[in-house]
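Hi there,

Here is the structure I promised to pass along. Have a look at it first, and my notes follow below.

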Amino acid sequence: MGSFSFGSGNAAQLVRLPLHLLGSLATRLIPRSPRRWVFGCAIGVGEGALALWRHADAAGHRTVWLVASDREAADAAALGIRPVPKATLRGFWETARARVVVVTHGAGDVNRYATAGAFLVQLWHGIPLKRIGLDSPVTARAPRGIPGLGRFLTFAYRRTQSRIRLLPAASHLVRGRLESAFGLADSRVPVTGEPRTDVLLVGEPAARRERARALIEDVVGDLGERPVVLYAPTWRDGEADSGVPTAGEWAGILAALERADAVLLIRSHPLGAGDYTPPGGTDRVRSLGADLLAEATPILPGIDLLVTDYSSLVFDTALIPVPVVFFAPDEADYSRTRGFYGAYRDVATDVATQWEDVCAQIVTVLTDAAEAERRRDRARALSARVHAFRDGRSAERVYGAIVAANGGKP
């Protein structure tokens, strides 16, 4: 069962309303400095915020990273970034003084009470396939028993997102989704590409793969020359993950991995990890959860096959490209409760609903070069639909857009 849901998160936000009001009043009195930038990311020091930080730091801005733990502080310091605990008076002050505030998930990536009046850059963390924000019925889910609370939460969410001054899009197709989900005008959602995917495009493919395999092995141990399958189910808003294998299904999975001489990496969503522990000892299945590796994007060039349901990773791996097996055991329910942008089957093909079918497809893709190439061709076609840029310079374009919107002075 997942550890977080929109309902619980919204309840916590209601409790914090007085702090939001006090923070909004304080930021009216505290002057913001045009040279100060603050960065934050819900998963730690990474994602598009790190790619953008490099440009801001090189340009001479005063930059800090707002962190939530000692581990994040150490990660920031190791990269030469000044860390500041976000849930402190210093974190409030740094956020309140910064002209530019960069986040990847929401205002809670920095000090949430001090973002009013800043030039808020929301980088987001993937191209949405499932509906998000204002387009999703779960975003304003309210605790039961309070009439009208859902409408108030929708109003509050829309008002909060209206503070976003720039939200970069991967393409014009994606731009429409983001404008709708965040309630933003066209001018605030420029098509620049996603800074978070630059790491997938810089350098030669062989070098990118070698670096990615090394990153994987640092976490899970030696892989040898064996192909790697990444299984990445998405979050189900606190509901049980229907993809968790039974004992019998685990036997089939292990048999398939033996036939393909492959290793399976399990990466449950950090907000909704299921129990993916195989029975008995095996080195064919290894955990790659967010507790072990905060960010998945840099390792994607090192995998040979992605298995997923509705994750935005399918759009990221399309840039490489990586073959995909779609596994959606709860497609009808998920479509009803969360919904998709467009039709799911416009993106997903040969969709499996049982682990037995997933296993058969894994073996076929990893042992049949023609089938693997057919699925890579699908990935290339998907990439052409959703990515306007494939040059590894998206962070540079986003930085330029921020500077231009702030008077053209770096």
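**Notes on one sheet**

Let me start with one pair: Val307 sits opposite Val325 of strand 11. Before the rest, please keep in mind that this is a predicted model.

The strand facing strand 11 here is strand 10, residues 305–308, and the two are parallel, joined by 3 bridges. Both belong to an open sheet of 5 strands, ordered 9-8-7-10-11 with parallel pairing. Strand 9 (285–287) and strand 11 (324–326) form the edges; each has a single partner strand, so one side of each has no neighbour in the sheet. On average, neighbouring strands in this sheet are turned by 20° against each other, ignoring direction.

Now to strand 7, residues 228–232. Strand 7 pairs in parallel with strand 8 (residues 263–266) through 4 bridges, and another 4 bridges link strand 7 to strand 10, also in parallel. Val229 is a handy residue to click on: Leu264 in strand 8 stands opposite Val229, while Leu305 is the bridge partner of Val229 in strand 10.

How many of the residues in strand 7 are buried? The count is 5 of 5, so to speak a mostly covered strand. In a regular strand, side chains alternate between the two faces of the sheet. For strand 7, Val228, Leu230 and Ala232 lie on one side, with Val229 and Tyr231 on the other, and both faces are covered, with all of these residues buried.

Happy browsing, and best wishes!

Definitions and conventions
Residues are numbered from 1 along each chain as its sequence is written. This is a predicted model: local features need pLDDT of at least 70, side-chain atom pairs count only at pLDDT 80 or more; totals for chains, interfaces and linings use all residues. Side-chain values use heavy atoms; hydrogens and water are left out. Two strands pair if DSSP finds at least two bridges between them. Axes are lines fitted to C-alpha atoms, for helices over the stretch in contact, and angles run from 0 to 180 degrees between N-to-C directions. Buried means under 20% relative accessible area, exposed over 50%, partly exposed in between (1.4 Å probe, protein chains only).
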